[in-house]
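Hi,

Here is the structure I promised to pass on to you. Have a look at it first, and then read on for what turned up in it.

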Amino acid sequence: MGSYSTNELRSGLKVMLDGEPCSILENEFVKPGKGQAFNRVKLRNLFSGRVWERTFKSGEKLDGADVMDQDMEYLYTDGEFWFFMDPQSFEQVQADKAAVGETAKWLKEQETYEVTLFNGAPISITPPNFIELEITETDPGLKGDTAQGGSKPATLSTGAVVRVPLFIDQGEIIRIDTRTAEYVSRAKG
Amino acid sequence: MSWQPSASFNNIRARAAMLAKIRQFFAERNVLEVETPLVCDSTVTDPYIESLQLTSGDYLQTSPEYAMKRLLAAGIGDCYQICKAFREDESGLRHNPEFTLLEWYRVGFSLDALMDEVGTLVNLFLPNKKVEKLTYQEAFERTLGFDPLAISLNDLKAKASQHIQLEMPDGTLDDWLNALISLVIEPTLGKEGLTFIYQYPPSQAALAKLTKNDRTQSVAARFELYYQGIELANGFDELTDQPSQAERFAKDNDERQQRGQKRIPIDQAFLTSLAQLPDCSGVALGLDRLLMLNTQSPSIQDVLTFPDRQ
């Protein structure tokens, strides 16, 4: 993988820190006119998603991390693992609960997800920003109520619960913003 | 291919106005503008400054200090220079490997008188700022609660670990003091006005005279100026003692060797001239940073036409 000097750490670069893969968010060069230079680095731990702040002496080296993001299709779950397929090579990978995390509630078969692979194994799954899902359970829709601001909970086919407008009915397919878990619109038929 | 300047026309014009004002400031005070070469056959020994070297073996200057002191030793009197200086591998929000320095020397000025003059000049570009002078010791005692001139390396490491996540197994006392001042103290300096820090540890004297503080501890007659957490200037009551200077050069080179850096051949012309250097105080001020603050620009790139893009 090679290694990178602190001066080469650019936003988005993946490096190993304390044995865990991290993505560089920010790198600030701090140097007094006379005296040792430092790099104040912000990194996201790709296992935990936590943001770390570390300071290094300038010129120190960090090992690169074998991390890549790949678009893959979600296939199914056996309850323990979630299976994804590379649509080009048809190769499959299995992601565990830690890797899938919160994304589990947005997993729909045949949908494409960004799978982050570390040494070839999935460590996190990012859903598309917008996804269309069927409502499996909600109170009956209120006819004609398209202007009022009210909302009600609705359970989706993936198990996620979101707030939807009162006029939406069970069985309808709606568009959700996965970043905010908010209803956007009815899916265009 | 992006070819447009990175500075706005407004900032390019602000630089021109700044240069004109500075020249007027010194003309009014009878300080002579001088020029010295950018390409030099020797360079600084400072272990924390790397010079850019040409294929001929010559160096691009990291500051005009040695050449200007030779002029002073020859008897030129009060003088200033606006010039480019170069430092390898310095790049960031406040650094560019090529930058503009304003450096000036005042014969017979005390360090305190020079701080006042720096304050007056900076006030032209950052108006109505209150001026505060703090010793290095006071800055540490106020922010971190210990005396930086009397602490052991082990105690310092323990204190530092409460404030910064930094592994520096081979770090010296000065490395840790530098880490604390630049990462913890500096961001708090000059929040409301101009803050001068003076009386540095003797180990960080560089080219400044040594003196005693009011607790009779040895300190360097050196100052730095900060505004909004940004280091703007570094000044010395200039060392005029040739043997001490030769000793400091040798010590720098030993440190360079220990750290795996090249030894730098001593600038003999400068060292010889020191015997004639009159008592004077001198300061170098980063004009790009002053312009950043003057134009409220977040990055040095905003005030440079074509910054280094690494």
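In chain A, strand β7 (residues 67–77) and strand β10 run antiparallel, with 7 bridges joining them. If you would like one pair to look for, find Asp69(A), which stands opposite Thr116(A) in β10(A). Please keep in mind as you look around that this is a predicted model.

Strand β10 of chain A covers residues 112–118, and 5 of its 7 residues are buried, so that the strand is mostly covered. Its other neighbour to look at is strand β11 (residues 121–126) of chain A, which is joined to β10(A) by 5 bridges and runs antiparallel to it. Here Phe118(A) has Ala121(A) in β11(A) as its bridge partner. What do β10(A) and β11(A) form together? They make a hairpin with 2 residues between the strands, and Asn119(A) in the turn has a positive phi of about 50°.

A second hairpin in chain A is built from β8(A) and β9(A), with 6 residues between them. In that turn, Phe90(A) has a positive phi of about 65°. The two strands run antiparallel and are joined by 4 bridges. Phe84(A) is paired with Val93(A) in β9(A). Which side chains of strand β9 (residues 92–95) of chain A are buried? Val93(A) and Ala95(A) point to one face and are buried, while Gln92(A) and Gln94(A) point to the other face and are not. You can follow this alternation along the strand by turning the model on your screen.

Now for chain B. Helix α9 (residues 287–294) of chain B is largely enclosed by the rest of the structure, because 7 of its 8 residues are buried. Those buried residues are Leu287(B), Asp288(B), Arg289(B), Leu290(B), Leu291(B), Met292(B) and Leu293(B). After α9(B) comes Gln296(B), whose phi is positive, near 55°.

Another residue to find is Ile185(B), which sits in helix α6 of chain B. Is Ile185(B) buried or exposed? Its relative accessible area is 0%, so Ile185(B) counts as buried. Ile185(B) and Tyr227(B) are 42 residues apart in sequence, and their C-alpha atoms are 12 Å apart in space.

Next, the cysteines. A disulfide is a covalent bond between the sulfur atoms of two cysteines. How many disulfides does a search of the whole structure find? The count over all chains is 0. Take Cys40(B) as an example: the closest cysteine sulfur belongs to Cys83(B) and is 9.6 Å away, which is too far for a bond. Seen from the other side, Cys83(B) is in no disulfide, and its nearest cysteine sulfur is that of Cys40(B). Cys83(B) is also buried, because its relative accessible area is 7%.

Then there is the empty space. Rolling a probe the size of a water molecule over the atoms shows where empty space is left. The count comes to 1 cavity of 30 Å³ or more, and the largest cavity holds about 50 Å³ of space. Which residues line the largest cavity? Chain A gives Pro32(A) and Lys34(A), and from chain B come Tyr136(B), Asn178(B), Ile181(B), Tyr200(B), Gln204(B), Arg222(B), Glu224(B) and Tyr226(B). In chain B, α6 (173–185) and β9 (218–227) each supply at least two residues of this lining. β9(B) gives the most, with 3 residues. Sorted by class, the lining of the largest cavity has 5 nonpolar, 2 polar and 3 charged residues.

There is an open space to visit as well: the second largest pocket, with about 640 Å³ of space. It is lined by 25 residues, and Gln36(A), Ser58(A), Pro47(B), Arg259(B) and Gln261(B) are the ones that lie nearest its centre. The lining of the second largest pocket divides into 6 nonpolar, 8 polar and 11 charged residues.

Finally, a word on confidence. Chain A has a mean pLDDT of 91, and 96% of its residues reach 70 or more. Within chain A, confidence is lowest in helix α1 (residues 97–100), at a mean of 91, and highest in strand β8 (residues 82–85), at 96. Chain B averages a pLDDT of 96, with 100% of the residues scoring at least 70. For the model as a whole, the scores are ipTM 0.87 and pTM 0.83.

Have fun exploring, and write back with any questions!

Best wishes

Key. Residues numbered from 1 in each chain as written. Chains lettered and ligands numbered in written order. Predicted model: local features only at pLDDT ≥ 70, side-chain atom pairs only at ≥ 80, totals over all residues. Heavy atoms only, no water. pLDDT = per-residue confidence, 0-100. 1 Å grid on protein atoms, 1.4 Å probe; cavity = no way out; pocket = protein on both sides within 12 Å on 5 of 7 lines; lining within 4 Å. Points joined across faces, edges and corners; volume = space filled by probe spheres on them. Nonpolar A, V, L, I, M, F, W, Y, C, P; charged D, E, K, R; others polar. Disulfide = S-S within 2.5 Å. Buried < 20%, exposed > 50% of the residue type's maximum accessible area, 1.4 Å probe, protein only. Pairing = 2+ DSSP bridges.
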